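Please look through the structure shown here together with its sequence, and follow the paragraphs below from the packing of helices to the ligand and then to the confidence of the model.

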Amino acid sequence: MALSISPYCKLVLAILSVSAAATTLCLNTDTTDNTKPDSIGRASTTNAEFLSTHNAARQQVGVPPLTWNVRLARYAKAYAVQRRGDCQLVHSPGYTYGENIFWGQGHRWTAAEAVGAWVAENQWYHYDNNSCSGPDCSHYTQVVWRTTEQLGCAKITCATGDTFVVCEYYPPGNYIGARPYKKKPVNP
Ligand SMILES: *[C@@H]1O[C@H](CO)[C@@H](O)[C@H](O)[C@H]1NC(C)=O
């Protein structure tokens, strides 16, 4: 009989997003890597999953794919490690990048599930008037923000035994009053 992981203990989750200030900053692009999946084990598999789930959502609305940036990933990891003790849904200081955070009860959450929780906000997002009819759409709009180019994420299990996921985005999205992407004009 095949084993499957029960979603039983995965009922509780929470998410938090922030848009970064519109500062101009320079991020080294020479550290970009990871379009090669899996060659160095589990972290790389998880990174590939973070990237592919973001890019699947982006493809749905016709915006270019993100690339993985190890510097963003390192920043995400360093911040996640700081939250290991309390697992609080709190943003990193500095507002340097766009940032999405996920917290889930228990340790079994995958990267795809965390990103899926963010992307699920698209059910509330109305492109036509650029508004959100649910509690929040800003995780989703950051995921599909057209001018964001690079991604780095980390996933840890906290001391509490729960899951903490943080993704950093550069350039940041969610500029007030701007749309995340432009719909392609309908062919006449
Ligand atoms: C935006 O459009 C949706 C769908 O038509 C509608 O339900 C919602 O009330 C509108 N929101 C605003 C703020 O106009």
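Helices α1 and α3 run roughly parallel to each other, because an angle under 35 degrees counts as roughly parallel and the two pack at about 25 degrees. In this predicted model, α1 spans residues 42-60 and α3 spans residues 111-119, and their axes lie 8 Å apart. The crossing that α1 makes with α3 is right-handed. On the side of α1, the contact is made by Thr46, Glu49, Phe50, Thr53, His54 and Ala57, while α3 contributes Ala111, Ala112, Val115, Gly116 and Val119. Sorted by class, the residues of this contact between α1 and α3 comprise six nonpolar, four polar and one charged.

Turning to the ligand, which residues are around it? His126, Asp128, Asn129, Ser131 and Ser133 are the residues that surround the ligand. This shell holds four polar residues and one charged residue, with no nonpolar residue among them.

How far the reader may lean on each part of the chain is a matter of the predictor's confidence. For the protein chain the mean pLDDT is 84, and 79% of the residues reach 70 or more. Residues 1-10, however, have a pLDDT below 50, and beyond near neighbours in sequence this stretch has eight contacts in the model. The pLDDT is also below 50 over residues 20-39, a stretch for which the model shows 33 contacts beyond near neighbours in sequence.

How values were computed:
Residues are numbered from 1 along each chain as its sequence is written. This is a predicted model: local features need pLDDT of at least 70, side-chain atom pairs count only at pLDDT 80 or more; totals for chains, interfaces and linings use all residues. Axes are lines fitted to C-alpha atoms, for helices over the stretch in contact, and angles run from 0 to 180 degrees between N-to-C directions. Helices (H or I, at least four residues) and strands (E, at least two) are DSSP runs, numbered from the N terminus. Angles under 35 degrees count as roughly parallel, over 145 as roughly antiparallel, 65 to 115 as roughly perpendicular and the rest as oblique. A crossing is left-handed if the near helix is turned anticlockwise from the far one by less than a right angle, and right-handed if clockwise. Two residues are in contact if their C-beta atoms, placed from the backbone, lie within 7 Å. Ala, Val, Leu, Ile, Met, Phe, Trp, Tyr, Cys and Pro count as nonpolar, Asp, Glu, Lys and Arg as charged, and the others, Gly among them, as polar. A residue is near a molecule or strand if its C-beta atom, placed from the backbone, lies within 6 Å of it. pLDDT is the predictor's confidence in each residue, from 0 to 100.
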